[in-house]
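Subject: Structure for you to look through

Dear colleague,

I am handing over the structure we spoke about, and I would be glad if you could open it and keep it in view while you read the rest of this message.

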Amino acid sequence: GVMWQSSLIPIQALDDDGNGSTISVAYAIRYAVDQGAQVINLSLGSDGDDPLVAEQVSYALAHNVNVIAAAGNDGCDCILYPARYSGVISVGALNTSSTRASFSSYGARLELTAPGTDICSPGWQPGNETSAYACGLAGTSFSSPLTAGTIGLMLAQNPTLTRLLAAGA
């Protein structure tokens, strides 16, 4: 990541294929807050608003937790939930020319952009659970954790910061 000497709480809200329910996402948010997280990255999204997820995002924000979420990969003015919720820092993807990646969702609720193309990342594969690694990956789900790590660095440099305000917060 982009931050040294940090504690991570790895929480898998979706299954290994990226499927899951809003209930599992809501539980993951609540668990992270209750464990003392200062920053939550949500590299996931849906075009449907869900009251349970919204409630847990509000819970996180009320506890001064920075919630960062991927804007989506639909290439339109159509930010996904939970990135669309007020107070959540929504993150789009940049390409290697530092312009918006063609697939990156955009719109009035987009707060930040970060690298999101030609990403190298470890991964998981059923036949190789310990050393899978791929390059050339793309998506706002890669941009979001880079932003979350940067916000973690900001908090480490200035512990008096609490939650950074997102537009509409």
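Below I go through what was found, beginning with the strands and ending with a few single residues.

Please keep in mind throughout that this is a predicted model. The strands form an open sheet of four, in which the order is β1-β2-β3-β4 and the pairing is parallel. At its edges are β1, which covers residues 39-42, and β4, which covers residues 112-115, and each of these pairs on one side only. If you look from strand to strand, neighbours in this sheet are turned against each other by 30° on average, when direction is ignored. Within the sheet, β2 (residues 66-70) runs parallel to β3 (residues 89-94), and three bridges join the two strands. A useful place to look for this pairing is Ile-68, whose bridge partner in β3 is Ile-89.

Turning to the helices, α1 (residues 22-34) packs with α2 (residues 51-62) at an angle of about 10°, and their axes are 8 Å apart. Angles under 35 degrees count as roughly parallel, and therefore α1 is described as roughly parallel to α2. On the α1 side the contact includes Ile-23, Ala-26, Ile-29 and Val-33, while the residues on the α2 side include Leu-52, Val-53, Val-57 and Tyr-59. Taken together, the residues of this contact divide into 10 nonpolar, two polar and two charged.

There is also a pocket that you may like to find, namely the second largest one, which holds about 200 Å³ of space. Its lining consists of 16 residues, and those that lie nearest its centre are Thr-22, Val-25, Leu-44, Gly-45 and Ser-46. By type, the lining divides into seven nonpolar residues, eight polar and one charged. Thr-22 and Val-25, which you meet here in the pocket, are also among the α1 residues that make the contact with α2.

Finally, some details of the backbone and loops deserve a careful look. Most residues other than glycine have a negative phi, and most peptide bonds are trans. Asn-64, in the loop between α2 and β2, is not a glycine and yet has a positive phi of about 60°. Tyr-81 and Pro-82 are joined by a cis peptide bond, with omega at about 10°, and Pro-82 lies in the loop between β2 and β3. Tyr-81 also lies 6.2 Å from Asp-49, C-alpha to C-alpha, although the two are 32 residues apart in sequence. Asp-49 itself is found in the loop between β1 and α2, and, leaving aside its neighbours within four places in sequence, Asp-49 is in contact with Ala-54, Tyr-81 and Tyr-85.

With best wishes

Note on methods
Residues are numbered from 1 along each chain as its sequence is written. This is a predicted model: local features need pLDDT of at least 70, side-chain atom pairs count only at pLDDT 80 or more; totals for chains, interfaces and linings use all residues. Side-chain values use heavy atoms; hydrogens and water are left out. Two strands pair if DSSP finds at least two bridges between them. Axes are lines fitted to C-alpha atoms, for helices over the stretch in contact, and angles run from 0 to 180 degrees between N-to-C directions. Angles under 35 degrees count as roughly parallel, over 145 as roughly antiparallel, 65 to 115 as roughly perpendicular and the rest as oblique. Contact means heavy atoms within 4.5 Å. Ala, Val, Leu, Ile, Met, Phe, Trp, Tyr, Cys and Pro count as nonpolar, Asp, Glu, Lys and Arg as charged, and the others, Gly among them, as polar. On a 1 Å grid over the protein atoms alone, a cavity is a set of points where a 1.4 Å probe fits but cannot get out, and a pocket is an open set with protein on both sides within 12 Å along at least five of seven lines; lining residues have an atom within 4 Å of a point. Grid points are joined across faces, edges and corners, and a volume is the space filled by probe spheres set on the points.
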